[in-house]
Structure formats: C-alpha cells, structure tokens
Amino acid sequence: MNNDKKQVLAFDFGASSGRAILGTLEDGKICMKEVHRFSNDPVIVGKTMYWDTLRQFFEIKQGIIKAKKQGGFESIGIDTWGVDFGLLDEHGVLLESAIHYRDDRTLGMQEEVFKKVPKAELYDMTGNQFENFNTVFQLYALAQKRPWILERADKFLLTPDLFNYFLTGEKKAEYTMATTTQLMDARNKEWSAEILNGLGIPTDIFPEIVPSGTVVGALSEDICEELGVQPAKVIAVASHDTQSAVVAVPTQEEDFIFISCGTWSLFGTELRAPVIGEKSLECNVSNEGGYGNTTTLLKNISGLWLAQESRRQWIREGQEYSFGELEQMAMQAEPFQSFVDPDAPEFIPAGNIPERIRKFCERTGQKVPETVGEIMCCINQSLALKYRYALEQIEACTGKHYLTIHMIGGGIQSKLLCRMTAGANGRKVIAGPVEATALGNIAVQFMSLGEIKDMSEARQIIANSEKTYEYIPKDSEKWDAAYEKFKKIIQK
C-alpha cells in the first residue's frame, strides 16, 4: 500500500441530506473531512413526488468547488439510495426530474406485473425482495400511465449513474445499483430481456453494466472549465449506499450479519453467490450485488423512519425534542408493553406516525402507548424484534448460524437500539462505524486507484480507523417471551 497522502472525494446521498467528504489514506488509516453538507428534499408537484435532480447536481458542483479549496482530489465517487432513475432523450437531455420511490404511482403495480411475468418466475430470475418501489414496478407504472415518456427515452440511468453521466458524459450502469431494480438476471448479471420484453419496456435504453470500482471516465472539459478543476477520475463505486456500507464492515470473518441502520435498516449477510429458491422466495429476501462480485442476501426493513417521522410530527405539534431526549424518554418507559410491525403499510407514507402506532396497537388488542417515551420504546423494541425475525429467515436460507451482528451507519448512535438488538437477537452486537457508507465509498476509490490491495485490507484499514462498541445480550427470557408476542402480532 502506498502511504503518499492522496485525497478522494466521496458524495454520500441519503433520503433527506447529502454530504461531500474528502478521504485521505495515511499510515494505514482513512481520515475523513466533510467539506459540504446539503438538504435533499423531495418536491411535490400536483400529485407527484419528485427528487430535485438538478439541485442535487448543483450541490455536487458546490462540493467539488469546496474540495478543490481543501487540496483537491484524485477521484470522485457517488453513492445514493437504490431503485430511482432518470431518463435521457436522444440528445442526452434529462426528460424530467427523477420520481421519488415513495410516490404512489406504483400502488397496485405488483399485481399487474405478475399477470405478465408470474411472481415466482420474476423472483427466480432476479432474486430480489418484492417492494412496491422497485424499479420494475416504477417502469411498468410509467409504461401504463405515461407511455410517451418511455417512447422518448434513449437511455435509462439510475441516480448515481445519472450524476456520473452529468460529470463525464459516459452512460454506464454500476453493478450494485443495477441489482436493486428487479430487472437484472442474478445469475448472468445482465439486464433481463425476458422481463423487459414481457412488460413491454424497451431493452435498448439500458446501458452496459460495469463492475463496482470501474473508472467510468474523467471530469468533462465543460465541468473542468466551469469549476476550475483538473480532470479527476470519476469512479462507479459500490454506488448503492448499502453496498458501500457493507464494504466498511470492520471484520475479517467470512460469515457475519450486518445491519446498515438509517432511515431504512438493511439486514443481511455477504455471500459468494445468490441464494434463490423456494425458501428465499417464501422469506422474501433479496439478493443484491456487492463489491468484488459478491452477493448480499438481505431484508429491507423500515428503520429509523418511524422515529424520524414521529419526531417531525411532534415538532409540528410544538414539541421540538432532540433524538437524545427521545431516547432518554424511551428508556424511562416500561418495556415490552406493545409492539408494531415496522413494515406495515400504514407506516410507509409520511404523516402522523404516533397516531398510526396507537391505532395499530388498538387494532391488535395491545396496550396503547400514549406518552412520547412509550411510543419511542415501542418503535425501538419493535425494530429489534423485527431484526430477530429477519435473522431467522437469513439463517434458514443460508443454513448458517451467525454469532455476531455488526451494526453500522447513523442509527447506531442510538445506544438503546443497539442494546435492544443484542437482547432481542441473543447475539453480541458490534456497533461501528457510524460513517460506514462514506468510508466504503472512499475505500472503493482507493482500491480502484491501486492504493488499497483488496477488500480484506480495506476492512482492516477501516477497523484501524474507527472505534467500535460491543453490546452483550441481556434479559434473554424476557426478550424470548416478547418475541413470541411479536410474531403473533405481525403475522395477523
């Protein structure tokens, strides 16, 4: 490994904010410096929820300008959430801003798609968990409701691939992002002509799929002239933020469980090949591509969304609690009184989540949580128990027993959630790093530049760079009893 101080620039987009972070590799550690942070808010026009795509790209440019003032960078890597996309016309012009995965255009689309491509066949080809927001359902909704947009489309690009195109002029599809669409054949790692033809979606709009870590190009002359920078390399990192985070799991074990914990909780394990069969279909687990041609077998679980949206509701009501205050109130509440299914349909849209939690508990014959602390306790223990439910499904599909759970991402700042996860699952939890996605993005860039040898070395460097915390399971009998109640509630 070369110890010269080289810098790379990582853009990490979340569902509500984004950041530009400079990463430096020095003395076997990655050091990070945030140079730009910005809001990433959806925009509702009429009845459609859009991403503000052009504003997002403006913020990327601001990040580049600020990074230049901090010593410049060798390369740029961008990671975002999965499934969402933009369409370009024959001149390379964006037809419209990307539509948000929480938009309701996909309601009822699963059933319509299954009439064209049966559910079992769709799963057998893609190995993807069925979610209303998957790209396959978004595109089919577009084909049914606004076919003229697809007719005008010359190229389909997922969100980070779209930004890479804006920077370089190159149109490529990065592997980990492609695997979130439910349009890619999991075995041959190509777009599935069978699915696309079956749904009447044009196959020629889909670009070449390239491996994670591919240098897709350099900053274009126009970008360099506008921003006053050199033509740095643009690298298609593990562009799905979950997969960047998985790169940053600080372990040398081959078999481990991870929870990438943020607005969503991505619960899974890293494998060498997909697991696709009757059991994985029954469990509705997803096979998604990871860096180095790996597969992550995972469940997509609603994560801290319930807590975040509850806090927004209380702010609307005039109570501006910090997350620290909410955690303290949750700790003071009596545990194991009530549970919800974090993935119940009523919790997906924005709005008054505390009231929906009360109605869920009333409908399922439980004690109705009234106070803020009771609501927060209910959310945290329900998440921890849903993780146990997912763990049992993953173990059933892989035939393996996992001793350790690695929790990574911003959600681990909740010590209560980490402690409850250890208790509910009866496994040791190792929490850290918080900045897993950015670290993984940076590490992939350094691997592409030849500064880090491979994933094993990257994970060792990340372990050296970041402190982790251990949580040991406690109160196993109480958690086992709570889990039996929880299963009955979510299976009703």
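How far apart do the end C-alpha atoms of residues 259-448 lie, and what share of the span is helix and what share strand? The end C-alpha atoms of residues 259-448 lie 26 Å apart, with 47% helix and 18% strand in the span.

This is a predicted model, in which local features need pLDDT of at least 70, side-chain atom pairs count only at pLDDT 80 or more, and totals for chains, interfaces and linings use all residues. Residues are numbered from 1 along each chain as its sequence is written, and side-chain values use heavy atoms, leaving out hydrogens and water.

**View 1. The two annotated spans.** UniProt (unreviewed entry) lists "domain: Carbohydrate kinase FGGY N-terminal" at residues 8-247 and "domain: Carbohydrate kinase FGGY C-terminal" at residues 259-448. UniProt positions follow the numbering used here, feature names are shortened, and annotations may be inferred rather than shown by experiment. Residues 8-247 are 35% helix and 26% strand, and the end C-alpha atoms of this span lie 16 Å apart. Helices (H or I, at least four residues) and strands (E, at least two) are DSSP runs numbered from the N terminus.

**View 2. An open sheet of 6 strands.** The strand order is 3-2-1-6-14-13, with mixed pairing; two strands pair if DSSP finds at least two bridges between them. Strand 3 (29-39) and strand 13 (214-218) are at the edges with a single partner strand each, so one side of each has no neighbour in the sheet. On average, neighbouring strands are turned by 25° against each other, direction ignored. Strand 13 runs antiparallel to strand 14 (residues 233-236) and is joined to it by 4 bridges; Val215 has Ile235 as its bridge partner in strand 14.

**View 3. Helices on the sheet.** Helix 1 (residues 53-69) lies across strand 1 (7-13), strand 2 (17-26), strand 3 and strand 6 (75-79), at about 155° to strand 1. Helix 18 (residues 455-465) packs on the sheet and touches strand 2 and strand 3, its direction making about 80° with that of strand 3. Contact means heavy atoms within 4.5 Å; axes are lines fitted to C-alpha atoms (for helices, over the stretch in contact), and angles run from 0 to 180 degrees between N-to-C directions.

**View 4. The second largest pocket.** This pocket holds about 290 Å³ of space and is lined by 15 residues, with Pro335, Phe336, Met420, Asp475 and Trp479 nearest its centre. A pocket is an open set of points on a 1 Å grid over the protein atoms alone, where a 1.4 Å probe fits, with protein on both sides within 12 Å along at least five of seven lines; lining residues have an atom within 4 Å of a point. Grid points are joined across faces, edges and corners, and the volume is the space filled by probe spheres set on them. Helix 16 gives the most to the lining, with 4 residues.
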